[in-house]
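Please open the model in your viewer and keep the selection panel at hand. The stops below move from single residues to the chain as a whole.

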Amino acid sequence: MAKRVHQPREDAEFDFILGMSGVPVLAYFIGTWPKAIEPCRAMDLVVGAIADEYTGRLTAVRTDITRCPSATERYKITGAPSYVLLKEGEAVAHGTGPMTIAEVREFLDGHL
């Protein structure tokens, strides 16, 4: 995974990252239950590549649903992997399920 992808250990750290980001945030939510592990691992590679490609225009945050339950609830996450594009803490786009790099670009480009 790219070094540019933040991995908060708890809700307070997630909120801190959001507050410190001067650019939109792509929060992608991962699950650790058996059916979610493989799709979420695949998305680590995709989001890592996106984080590298969008350096300076986007902050990527890998968010574990069980470690950040308040963020998960706040953004109405019901499955993993799921994505929320945030501008100044407000959700402007939602997505769910595995995506290719091209699909993530399309998801982002309409909002950045």
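Select cysteine 68 to begin; in this predicted model, its relative accessible area is 0%, so cysteine 68 counts as buried. Next add cysteine 40 to the selection, which at 2% relative accessibility is buried as well. What is the distance between the sulfur of cysteine 68 and the closest cysteine sulfur? That closest sulfur belongs to cysteine 40 and lies 14 Å away, which is too far for a bond. The search from the other side gives the matching result, because the cysteine sulfur closest to that of cysteine 40 is in cysteine 68, at 14 Å. With a cut-off of 2.5 Å between the sulfur atoms, the count of disulfides comes to 0.

Now clear the selection and pick arginine 62, which you will find in strand β3, the stretch covering residues 59-64. Show its side chain together with those of aspartate 44 and glutamine 7. The side chain of arginine 62 makes a polar contact of 2.7 Å with the side chain of aspartate 44, and another polar contact, of 3.3 Å, joins the side chain of arginine 62 to that of glutamine 7.

From there, move along to residues 82-87, which form strand β4, and to residues 90-96, which form strand β5. In which sense do these two strands pair? β4 and β5 are antiparallel partners, held in register over 6 bridges, and if you select serine 82 you can look across to threonine 96 in β5, which stands opposite. The two strands form a hairpin with 2 residues between them, and in that turn glutamate 88 deserves a selection of its own, with a positive phi of about 55 degrees.

Finally, switch to a cartoon of the whole chain and follow the ribbon from the N terminus, where the elements run in the order β-α-β-α-β-α-β-β-α. The radius of gyration is 12 Å, close to the 13 Å that the globule rule gives for 112 residues, so the chain is as compact as a globular protein of that length. In total the secondary structure amounts to 4 helices and 5 strands, and the C-alpha trace spans about 35 × 30 × 25 Å along its principal axes.

If you colour by burial, buried residues make up 48% of the 112 in the chain. A surface view shows an accessible area of about 6,100 Å², with 52% of it belonging to carbon and sulfur atoms. Among contacts with a separation of 6 or more, 71% are between residues 24 or more positions apart.

Technical notes:
Residues numbered from 1 in each chain as written. Predicted model: local features only at pLDDT ≥ 70, side-chain atom pairs only at ≥ 80, totals over all residues. Heavy atoms only, no water. Pairing = 2+ DSSP bridges. Polar contact = N/O pair within 3.5 Å; in protein donor to acceptor, adjacent residues only side chain to side chain. Rg over C-alpha atoms; globule rule 2.2 N^0.38 Å. Buried < 20%, exposed > 50% of the residue type's maximum accessible area, 1.4 Å probe, protein only. Contact = heavy atoms within 4.5 Å. Areas by Shrake-Rupley, 256 points an atom, 1.4 Å probe, with all protein chains shown as cover.
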